[in-house]
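Reader: Hi! I have a structure open on my screen and would love to walk through it with you. Could we take it piece by piece?

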Amino acid sequence: MRFIDEYRDAALAQHYARRIAQITTKEWTIMEVCGGQTHAIIKFGIDELLPKQITLVHGPGCPVCVTPVEIIDKAIEIASCPNVIFCSFGDMLRVPGSAKDLLSVKAQGGDVRIVYSPLDALKIAKENPDREVVFFAVGFETTAPANAMAVHQAYLHNVKNFSLLVAHVLVPPAMEAILSSPTNRVQGFLAAGHVCTVMGYTEYEPIAKKYRVPIVVTGFEPLDILQGIYMCVKQLEEGRYDVENQYTRSVRRAGNVKAQELIREVFCVVPRKWRGIGEIPQSGLGLTEKYREFDAERKFGLTERSVEESSECIAGLVLQGVKKPYECPAFGTRCTPERPLGAPMVSSEGACAAYYRYRRERRDA
Amino acid sequence: MHDDFALSCPIPISEYPQILLAHGGGGKLMHQLIEKLFGAAFANQYLSERHDGAQFTLNGAKLAFTTDSYVVRPLFFPGGDIGKLAIYGTVNDLAMCGARPLFLSAGFILEEGLPMETLWRIVQSMKEAAQTAHIQIVTGDTKVVDKGKGDGVFINTAGIGVIEHDLTISPKSVRPGDSVLLSGDVGRHGIAIMAVREGLAFESEIESDCAPLAPVVLKLLEEQIEIHCLRDLTRGGLASALNEIAKTAHVSISIDESAVPVREDVQGACEILGLDPLYVANEGRFVAFVAAKDTERALKILKDFSPDAALIGHVLQEPPGMVTLKSRIGAQRILDMLSGEQLPRIC
């Protein structure tokens, strides 16, 4: 298939792997930020092609994984209300809250629907004026423009029965949190190509400079990732720490300006708790005052809460690249996709789920 | 995985107090339900074969017997409808036993308010499918439930076929060294249904692969191919079927991802939705485990029916119960069974 097959070419992949091995003289630890990249790395076995000196650690860029359990509980509370149609992207439905997940709400009669776009949820709201339609707005900068557009449209068309449960998170503050942690071992980053398609990469330039880490904006296909690793290793070996763009077919330095304008119109930067990591200042998006009537938390009068998570789950350490999934004593035994202790075992983009699904028996891989 | 076969009382599946949709999704939860609840309660020598249908001898005649229920939404979709599925699905289960399908039953659960015209179209479709598959519908049943208690129409069919050969076609006949042949491209039925159900529009309409498999299987038998096992790829797709067989046969199955044919439009839809075509449902595809010596002849026969048919892998001794896949870029990984339903990803 065009635009797919050429980025999965076996001979070229082997060629890139050899090139990486040729320029590698020291041990390097590189983090891919995005869960989509983690999934591709494990699914295609990209890390198996790399020289032993290079360790890939998996970052916090899985929106399903970092959505805090308190917000999942709020989603479950709203979805359980009799007059509500609760719309969500598919992979949020299996994420465990403190007592159950959204699929269980559906099994108990709640009207929980999978949608592919927030605009579909808005359409459902227009078609069901006597029901409250709530969309679960999760994700990084990638999904923010579409979610902003849905709210903006609802505002323009005066759709009163539509609201968002917002759990948006931002990449750069999470990278800074990882880099400033005393346990940090990340020496270079592959930044998330889709996020940068929207936001550009100027906001990464001060981070690269401040922490002296190379950051390579990278795509999601095997050859993208191998090329991103090559560019990152090359910088590390040469002692450089620039922001470079591997994903040139999609990403411009300034990003998608129109999309950014829409995000700024609808959302403002707020502090946000990350599941397994804790609160990171200025790391999330919330609705601005102008759009407050579309805030589901306000509409349903939900109160703040705090939930204790499984003490055995090391999701926070996995999401910060400090531990690999198989270093968790519960991995594959007390924690499986059927009975997850933490979110990284749920989402197909979660690091634990990717390891469980693709290489359970080879823990040393 | 001996835990899966353990029977404990009184309710063997304690972690799920309620049935979830995933219990019917063809993945691990459904298998847990079958193994721990149904299989344990009804245990007998025929059921323990874990085949698509039971095979037994009655007064010297070798017969195959199977049943399936059909609950598809929408009732009509590109390339088929619930009636066609209800005939071909059961016919295909018989074919997977290496049987010549003969007779089917048809049970209808109709929802109050179902337009008569809709039922008529379904019945006409079943009639045509029965003619194509050379079977007769010889008994049936009708029930009507209150409006809101059904999804228009549910159909159950059961079928009987006759086995006219001496092979034991069963997962337990699979041997290391066997070739794994796939009868055509995968993923079309699941994507066709999802496209209609979710209102996804593609440049060209993707049609279900819904088709009877008995003709090609009977041809393989007629040509005396040494078939060890057949399995149609329905819910859970190719990956689940291979995992079921690897576990039942205590063998390892190794396949090559780049050898698995996936049509470009299906691949495109899967890329957009974040789905893996190896887990997407089919209704007219199967895998055949054949003795290595017959690989070329069997492949030629399969290709006569579907040009996309391919040799996708081999059976190995170790590690038992596991399916491994050589990825497109040449690395090895596990091809696991899905734990629940495949859910579209966020981004």
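**A walk through the model**

Author: Happy to. This is a predicted model. A good place to begin is helix H3(B), where the buried residues are B:Ile122, B:Ser125, B:Met126, B:Ala129 and B:Ala130.

Reader: How are those buried residues of H3(B) placed when you look down the axis?

Author: They fall within an arc of 135 degrees, so they line one face of the helix. The face turned away from that buried side carries exposed residues: B:Met116, B:Glu117, B:Trp120, B:Gln124 and B:Gln131.

Reader: And what do the buried residues of H3(B) pack against?

Author: Their partners are in chain B: helix H2 (82-95) along with the strands E4 (80-81), E5 (100-111), E6 (136-145) and E7 (153-162).

Reader: What span should the 17 residues of H3(B) have at 1.5 Å a residue?

Author: The expected span is 24 Å, and the end C-alpha atoms of H3(B), which covers residues 116-132, are 24 Å apart, so the two agree. Just after the helix, B:His134 takes a positive phi of about 55 degrees.

Reader: Nice. Switching to H7(B), which residues are buried there?

Author: In H7(B) they are B:Asp265, B:Val266, B:Ala269, B:Cys270 and B:Leu273. They cover an arc of only 135 degrees around the axis, which puts them on the same side of H7(B). The buried residues of H7(B) pack against helix H4 (188-197) of chain B.

Reader: What comes just after H7(B)?

Author: B:Gly274, with a positive phi of about 70 degrees.

Reader: How many residues of chain B are in contact with chain A?

Author: 27 residues of chain B are in contact with 38 residues of chain A. On the chain B side, the elements that give two or more residues are helix H1 (28-42), helix H7 (264-273) and strand E14 (332-334). H7(B), the helix we just discussed, gives the largest share, 4 residues.

Reader: How does that side of chain B divide into nonpolar, polar and charged?

Author: The side of chain B that touches chain A has 10 nonpolar, 8 polar and 9 charged residues.

Reader: E14(B) came up there. Which open sheet has E14 of chain B in its order?

Author: An open sheet of 7 strands with mixed pairing, in the order E9-E11-E8-E12-E10-E13-E14. E14(B) is an edge strand, as is E9 (227-232) of chain B, and each pairs on one side only. From one strand to the next, the twist averages 25 degrees.

Reader: How do E13(B) and E14(B) run, parallel or antiparallel?

Author: E13(B), residues 323-326, and E14(B) run antiparallel and are joined by 3 bridges. Within this pair, B:Thr324 stands opposite B:Ile334 in E14(B).

Reader: Which strands does helix H8 of chain B touch?

Author: Helix H8 (295-305) of chain B packs on the sheet and touches E8 (179-182), E11 (286-290) and E12 (310-316) of chain B. The direction of the helix makes about 5 degrees with that of E8(B).

Reader: Over to chain A. What is the order of the open sheet of 6 strands?

Author: In chain A the order is E4-E3-E5-E6-E11-E10, with mixed pairing. The edge strands are E4 (111-114) and E10 (267-274) of chain A.

Reader: What joins E10(A) to E11(A)?

Author: 7 bridges join E10(A) to E11(A), residues 278-287, and the two strands run antiparallel. One such pairing puts A:Val269 with its bridge partner A:Leu285 in E11(A).

Reader: How many residues of E6(A) are buried?

Author: 8 of its 8 residues are buried. A:Phe162, A:Leu164, A:Val166 and A:His168 point one way from E6(A), while A:Ser163, A:Leu165, A:Ala167 and A:Val169 point the other way. In a regular strand the side chains alternate between the two faces of the sheet.

Reader: And how do E5(A) and E6(A) run?

Author: E5(A) and E6(A) run parallel, joined by 7 bridges. A:Gly139 stands opposite A:His168 in E6(A).

Reader: Which helix lies across E3, E4, E5 and E6 of chain A?

Author: Helix H4 (69-79) of chain A, running at about 140 degrees to E3(A). Helix H8 (171-179) of chain A lies across E10 and E11 of chain A, at about 175 degrees to E11(A).

Reader: One last residue: is A:Ser104 buried or exposed?

Author: A:Ser104 is buried, because 22 other C-beta atoms lie within 10 Å, and the cut-off for buried is 20 or more. A:Ser104 lies in helix H5 (102-107) of chain A.

Note on methods: Residues are numbered from 1 along each chain as its sequence is written. Chains are lettered from A and ligands numbered from 1 in the order in which they are written. This is a predicted model: local features need pLDDT of at least 70, side-chain atom pairs count only at pLDDT 80 or more; totals for chains, interfaces and linings use all residues. Two residues are in contact if their C-beta atoms, placed from the backbone, lie within 7 Å. Ala, Val, Leu, Ile, Met, Phe, Trp, Tyr, Cys and Pro count as nonpolar, Asp, Glu, Lys and Arg as charged, and the others, Gly among them, as polar. A residue is buried if 20 or more other C-beta atoms lie within 10 Å of its own, exposed if 12 or fewer, and partly exposed in between; C-beta atoms are placed from the backbone. The expected span of a helix is 1.5 Å times one less than its number of residues. The arc is that of the directions from the helix axis to the C-beta atoms. Two strands pair if DSSP finds at least two bridges between them. Axes are lines fitted to C-alpha atoms, for helices over the stretch in contact, and angles run from 0 to 180 degrees between N-to-C directions.
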